[in-house]
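Me: Could you walk me through the pockets and aromatic contacts of this protein? I would like to hear the reasoning behind each label.

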Amino acid sequence: MKIEIEEYNREWTGQFEKIKADLYSILINLNPKIEHIGSTSVPDLAAKPIIDIQVGIKNLNDLDKTIEPMINNHYIYYEIYNSVMPERRLFVGLKDEKDIRNFQNIYSKGDLIPHEKINQLRLTHVHIWEHGTKDWNRHIAFRNYLREHADVKGQYESLKKQLSLKDWKDGNEYNNAKDSFIKTTEAKAILWDGENI
């Protein structure tokens with residue numbers, strides 16, 4: 001599987017704002033905090049054309065209260081990844097809600113996710129966490145650091161373009177190849193973000 005990397009597109013910000021409004025109405029009872037994260041949130045950074053969003057809720061115990069409303073509003077729930085990150089709920093939104101009927105509402109342990117088919121139709125990944133946790137903060141710090149450090153942003157873009165030339169089993173394998181760079185940068189970003197709040 002090839003990873004599609006596109007040059008920065010200003011429309012990504014508008015797409016985020018539209019999805020944000022949608023998510024806020026879906027999860028309004030949980031008073032969500034919603035942030036644009038990932039490469040599409042960093043001006044002039046080439047990226048996969050998928051809008052990464054993190055939603056913060058006040059209480060970890062309310063995490064599972066997000067599942068039914070999200071599924072009922074045309075999001076696919078990747079329950080399968082709860083074992084890797086038990087304090088996160090991951091959802092995928094498609095460009096056309098009508099395409100949801102071609103997939104399961106929930107992909108659980110033992111299910112084969114049709115990555116190739118879903119990848120062609122994805123618009124957004126929605127990561128739901130407790131607001132203010134270490135995981136929430138590291139994503140914000142990483143985004144902010146890339147926005148303010150053009151040299152690091154350039155290194156990250158070069159790495160992604162280089163990796164996009166390879167064939168990958170799935171997106172997780174591609175993400176694992178970026179992991180060392182991301183972890184190193186996150187460590188710097190967390191220190192930098194703390195000094196610049």
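Reply: Gladly; this is a predicted model, and we can take the aromatic contacts and then the pockets.

Me: Why is the pair of Tyr78 and Tyr81 called tilted?

Reply: The ring centres of Tyr78 and Tyr81 are 5.8 Å apart and their planes make an angle of 45°. Rings pair if their centres lie within 6.5 Å, and planes neither under 30 degrees nor over 60 count as tilted, so the pair formed by Tyr78 and Tyr81 is tilted. Both tyrosines, Tyr78 and Tyr81, are buried. Together with Tyr107 they form one aromatic cluster, and the whole structure holds 8 aromatic pairs.

Me: What makes the pair of Trp168 and Tyr174 edge-to-face?

Reply: Here the angle between the planes is 70°, with 6.1 Å from centre to centre. The distance has to be within 6.5 Å and the angle over 60 degrees, so Trp168 and Tyr174 qualify as an edge-to-face pair.

Me: How do you know whether Trp168 is buried or exposed?

Reply: Its relative accessible area is 10%. Buried means under 20%, so Trp168 is buried.

Me: And why does Tyr174 get its label, buried or exposed?

Reply: Tyr174 has 1% relative accessibility. That is under the 20% cut-off, so Tyr174 is buried too.

Me: What makes Lys160 count as lying over the face of Tyr156?

Reply: Lys160 is at 4.8 Å from the ring centre of Tyr156. The distance limit is 6 Å, and the charge must also be within 35 degrees of the ring normal; Lys160 is listed as lying over the face of Tyr156.

Me: Now the pockets. What is the volume of the largest pocket, and which residues are closest to its centre?

Reply: The largest pocket holds about 1200 Å³ of space. It is lined by 41 residues, and Arg88, His127, Asn172, Asn175 and Lys178 are the closest to its centre. Among the elements that give two or more residues to this lining are β4, β5 and α6. The largest share, 10 residues, comes from α6.

Me: How does the lining of the largest pocket divide into nonpolar, polar and charged residues?

Reply: There are 18 nonpolar, 12 polar and 11 charged residues in the lining of the largest pocket.

Me: And what about the second largest pocket?

Reply: The second largest pocket has about 340 Å³ of space. Of its 18 lining residues, Glu4, Pro49, Ile50, Lys95 and Asn119 are the closest to the centre. At least two lining residues each come from α1, α3 and β5. The lining of the second largest pocket divides into 6 nonpolar, 4 polar and 8 charged residues.

Technical notes: Residues numbered from 1 in each chain as written. Predicted model: local features only at pLDDT ≥ 70, side-chain atom pairs only at ≥ 80, totals over all residues. Heavy atoms only, no water. 1 Å grid on protein atoms, 1.4 Å probe; cavity = no way out; pocket = protein on both sides within 12 Å on 5 of 7 lines; lining within 4 Å. Points joined across faces, edges and corners; volume = space filled by probe spheres on them. Helix = DSSP H or I, 4+ residues; strand = E, 2+ residues; numbered from the N terminus. Nonpolar A, V, L, I, M, F, W, Y, C, P; charged D, E, K, R; others polar. Phe/Tyr/Trp six-rings, centres within 6.5 Å; stacked < 30°, edge-to-face > 60°. Buried < 20%, exposed > 50% of the residue type's maximum accessible area, 1.4 Å probe, protein only.
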